[in-house]
Amino acid sequence: MEDDRYLSILRRYWGYADFRGIQRDIIESIGSGHDTLGLMPTGGGKSVTFQVPALAQEGICLVVTPLIALMKDQVQQLRRRGIKAAAVYSGLSREEIIVTLENCIFGGYKFLYISPERLASELFQTKLRHMQVSFITVDEAHCISQWGYEFRPSYTQIAGIREQLPDAPVLALTATATPDVVTDIQRQLKFREANVFRMSFERANLSYVVRPTEDKNAELFHILSSVSGPAIVYTRSRKGTKELAGELTAQGFSATFYHAGLNAAEKDRRQDEWQQGRTRVMVATNAFGMGIDKADVRLVVHMELPDSPEAYFQEAGRAGRDGQKAYAVLLYHKGDRSKLLRRIPDTYPDPAFIRTVYEHLCYYYQLAMGDGFNVTYEFNLDEFCRNFKHFPVPVESALHLLSRAGYIEYTEEQENASRLMFLLRRDDLYRIREQSAGHERLIQWVLRSYGGLFSDYVYIDENLLARLTDQTPQQVYEQLTALSRQRILHYIPRKRTPYITFTCKRMETERIVFPPAVYEDRKKAYKERIDAMLTYATEEDRCRSMLLLHYFGDTDAAPCGHCDVCLQQHNSGLRHGEYESIRSHILRQTEGQSIPPDEIRIDGHSREDIRAVLRFMVQEEELVLRDGTVSRQPGIPQ
């Protein structure tokens, strides 16, 4: 039987006794040549659903994913299992990419991981024609839907790849998709027929908690002291990650920070320290977490509200992937509502402002009317905003909207690998005697590791040179910079540079229009996601897990029994609304004074109900019981 073959592969390479959840259903569907969409929560075992059937077929499986960290991690894991796999991503030289793609044609590789941006390149398209592709896997498939929370225009290239590979079915996988997005994914990927497998998004081991607080940092310190084990703390700004990690360290917690602005080596080092348990708390922007394989995270804390339930569900779901008890905590301040609502005009600025940004772009690059078609420029956001007195956030939003409308292509912070070329001839280089031993050793290893250095720029890897010379990447950087100053070589360090390509000739601003599908419809959908997130954060009567599951179309979900709402109802024996009414009266009566519990009177509520709420408030440290009286804890909001 074919499924016995799948099971044999699973046991041979992964050592698992059997498939779990809907894994087998998805495997049999794609293995039979059917376009397939799999909805599986974080930790549901998505990778097995395409890796097992790919090993059971001839040819190579093309895996499209935007996550470089996931590419590298899965390629390494597959190779450790004796499976040939490769990845193409930014930072590789053209020569490295060519070698990788040639090996995929001739080398018996089973998996090629590639970013969606690479699909349209002429080089990839040429090599693809000679590959035997068994099927196409699209990870993070919600990115193809304009109605999804994380739409990426590059994903629309996948439909073109299908035209080149008419016999290769598509397996789309995602952990976050509303019913509308599920339909749109299948339409965008040109499914031959609707074919969806759903795994319940319920996480029975994960307790969702919303904690109202006036002092988020103090509340975070308290939570980290109460819950042991690895933790992720999400905050919105890059600057905020560094500052909060510093405060946590000062409080005695082992913490580091992570954001997209760090160089690749620094990201890898911090991620590795956290994954290996040498650092307990990772303070990060949402750039961290996707593709990270760490099952024992006990706590995920959000310092601010994400702008969609999809983002929150995915980030919170990184806790407790081992099935053990874990917590997802959202810290909420009454000012958060207005902050979140302000993101709507920041993300969808007025069309007149967007047209102004376009006009200023043309001034910035000195484009005459009718010029600029297919011209690409490096873009310095800070300089642009200083020159034209704009704020960065709405400018970035305007650039994305101009991209979606087809007037430009805006590529954010594309990482370019370091490059190097020798300025001296080889003979002159050998005659240099005044160099330090460290410089000489580095030069020797550069010459041994790379060719063509005297005729053109060559991409280099400082991490490799650091290992070869027993130095740190920073030391290699400093030595190459010193040699560059001496005019022995020219060194161009790795940098992250945004680019803007004008896809149309410069036109009059009044001719720039934004179709409803680009602006009004998307703005409406964005507002609905924000409203859903605010409902989640402020709801007092409905189970947190139910709210999330209903949002994703699971209308049969029952109360979880262990979120903060369920626990309050269970512990007090009251409905959440009644509980909150009694709690508010108690907080008012105890403000600024201590009072014996039996003297607290609330119209319409019995002594038993009041005592039940008092007991729970003392347990939750909202009240202090001392010398026969209760008083309000400082900092507890009413």
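# A guided tour from helix H13 to helix H12

Begin by selecting residues 336–347, which form helix H13. This helix has twelve residues and reaches 17 Å from its first C-alpha to its last, close to the 16 Å expected at 1.5 Å a residue. Please keep in mind throughout that the model is predicted.

Within H13, display the side chains of Asp336, Leu340, Arg343 and Ile344, which are buried. These residues lie on the same side of H13, because they cover an arc of only 110 degrees around the axis. A general rule helps here: an α-helix has 3.6 residues a turn, so residues three or four places apart point the same way. What covers the buried residues of H13? Select helix H9 (216–226), strand E13 (326–332) and helix H21 (520–538), which are among the elements that do so.

Strand E13 leads to the next stop, an open sheet of six strands. Follow the strands in the order E8-E13-E12-E9-E11-E10; their pairing is parallel. At the edges are strand E8 (206–212) and strand E10 (255–258), each of which pairs on one side only. Viewed across the sheet, the twist averages 20 degrees from one strand to the next.

Now select residues 231–234, strand E9, together with residues 281–284, strand E11. How many bridges join E9 to E11? There are four, and the two strands run parallel. For one such pairing, label Val233 and its bridge partner in E11, Val283. Then add helix H10 (residues 238–250), which packs on the sheet and touches E9, E10 and E11. The direction of H10 makes about 175 degrees with that of E10.

The last stop is helix H12, residues 309–316. Is this helix mostly covered or mostly uncovered? H12 is mostly covered, with eight of its eight residues buried. Residues to label here include Ala311, Phe313, Gln314, Glu315 and Ala316. The buried residues of H12 pack against E8, E9, strand E12 (299–302), E13, H21 and helix H22 (544–551).

Finally, show H12 and H21 together. Two packed helices are described by the angle between their axes and the distance between the axes. The axes of H12 and H21 come within 8 Å and cross at roughly 55 degrees; the two helices are therefore oblique to each other. To see where they meet, display Pro309, Glu310 and Tyr312 in H12 with Arg529, Ala532, Met533 and Tyr536 in H21. Helix H21 thus closes the tour where it began, since H21 is also among the elements covering the buried residues of H13.

Methods:
Residues are numbered from 1 along each chain as its sequence is written. This is a predicted model: local features need pLDDT of at least 70, side-chain atom pairs count only at pLDDT 80 or more; totals for chains, interfaces and linings use all residues. Side-chain values use heavy atoms; hydrogens and water are left out. The expected span of a helix is 1.5 Å times one less than its number of residues. Buried means under 20% relative accessible area, exposed over 50%, partly exposed in between (1.4 Å probe, protein chains only). The arc is that of the directions from the helix axis to the C-beta atoms. Contact means heavy atoms within 4.5 Å. Two strands pair if DSSP finds at least two bridges between them. Axes are lines fitted to C-alpha atoms, for helices over the stretch in contact, and angles run from 0 to 180 degrees between N-to-C directions. Angles under 35 degrees count as roughly parallel, over 145 as roughly antiparallel, 65 to 115 as roughly perpendicular and the rest as oblique.
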